[in-house]
Amino acid sequence: METLHDLLIRRHSIRRYTDRPVDPDEVKTILEAALLAPTSKSARPWEFVVVENRDDLERLAGCKANGTRPISGCALAIVVCADHDRSDMFVEDMSIASAYMQLQATALGLGACWIQVRNRFTADGESAEDIVRDTLGIPDNFVVECIVTVGHPDEERRPVDPSKLLWEKIHIDKW
């Protein structure tokens, strides 16, 4: 059985995918990981939109100037959003759920990549959040944090080399 530490060493952002669909049970397991993520005061302000429609994925890929290529090629994308009125920690809550989904995808042998949406814009200055909201019918009171792409990897990534970890970033008791 793989340990969490092994999984963390193996996880990378995967940006290229095969055209093979993701099994529905695997999608359910990834979504379950998101729903298991802790939230501040158990507010659970997040909601998730699973997108498999190719036209919508292409439109989402145009939501910002750079860094959206994985959306065009993934089997599915999960848009992570939250009702900002439910918790003042909605950004942190969405972030944890997104990380859980990426780890779960890796554990299943799939690839995943976080595509930032909040505070990002197209080359023309249009809000990425507005494009995602309009494409998927997300209510205006929801903040769109990111899009997590998921699919079967079409690239090989080497595990992280633990000897290259930045231990100088760790401080004990005082800076």
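**A tour of two helix pairs and a pocket**

Begin by selecting helices H2 and H5, where H2 passes H5 in a right-handed crossing. What you have open is a predicted model, and this first stop takes in residues 24-36 for H2 and residues 90-107 for H5, which pack at an angle of about 145° with their axes 8 Å apart. To see what lies between them, show the side chains of Thr 29, Ile 30, Ala 33, Ala 34 and Leu 36 on H2, and those of Ala 97, Tyr 100, Met 101, Gln 104 and Ala 105 on H5, since these residues make the contact. Coloured by class, this contact of H2 with H5 shows eight nonpolar and two polar residues, with no charged ones.

Next, select residues 54-61, which form helix H3, together with residues 128-136, which form helix H6; their axes are 9 Å apart and the packing angle is about 165°. Angles over 145 degrees count as roughly antiparallel, and H3 is therefore roughly antiparallel to H6. The crossing of H3 and H6 is right-handed. On the H3 side the contact is made by Asp 56, Arg 59 and Leu 60, while H6 contributes Ile 131, Val 132, Asp 134, Thr 135 and Leu 136. Four nonpolar, one polar and three charged residues make up this contact of H3 with H6.

Finally, turn to the largest pocket, whose volume is about 210 Å³. Which residues should be selected to display the lining of the largest pocket? They are Arg 10, Arg 11, His 12, Ile 14, Thr 106, Gly 109, Leu 110, Gly 111, Pro 153, Glu 155, Glu 156 and Arg 157. By class, this lining comprises five charged, four polar and three nonpolar residues.

Notes:
Residues are numbered from 1 along each chain as its sequence is written. This is a predicted model: local features need pLDDT of at least 70, side-chain atom pairs count only at pLDDT 80 or more; totals for chains, interfaces and linings use all residues. Side-chain values use heavy atoms; hydrogens and water are left out. Axes are lines fitted to C-alpha atoms, for helices over the stretch in contact, and angles run from 0 to 180 degrees between N-to-C directions. Helices (H or I, at least four residues) and strands (E, at least two) are DSSP runs, numbered from the N terminus. Angles under 35 degrees count as roughly parallel, over 145 as roughly antiparallel, 65 to 115 as roughly perpendicular and the rest as oblique. A crossing is left-handed if the near helix is turned anticlockwise from the far one by less than a right angle, and right-handed if clockwise. Contact means heavy atoms within 4.5 Å. Ala, Val, Leu, Ile, Met, Phe, Trp, Tyr, Cys and Pro count as nonpolar, Asp, Glu, Lys and Arg as charged, and the others, Gly among them, as polar. On a 1 Å grid over the protein atoms alone, a cavity is a set of points where a 1.4 Å probe fits but cannot get out, and a pocket is an open set with protein on both sides within 12 Å along at least five of seven lines; lining residues have an atom within 4 Å of a point. Grid points are joined across faces, edges and corners, and a volume is the space filled by probe spheres set on the points.
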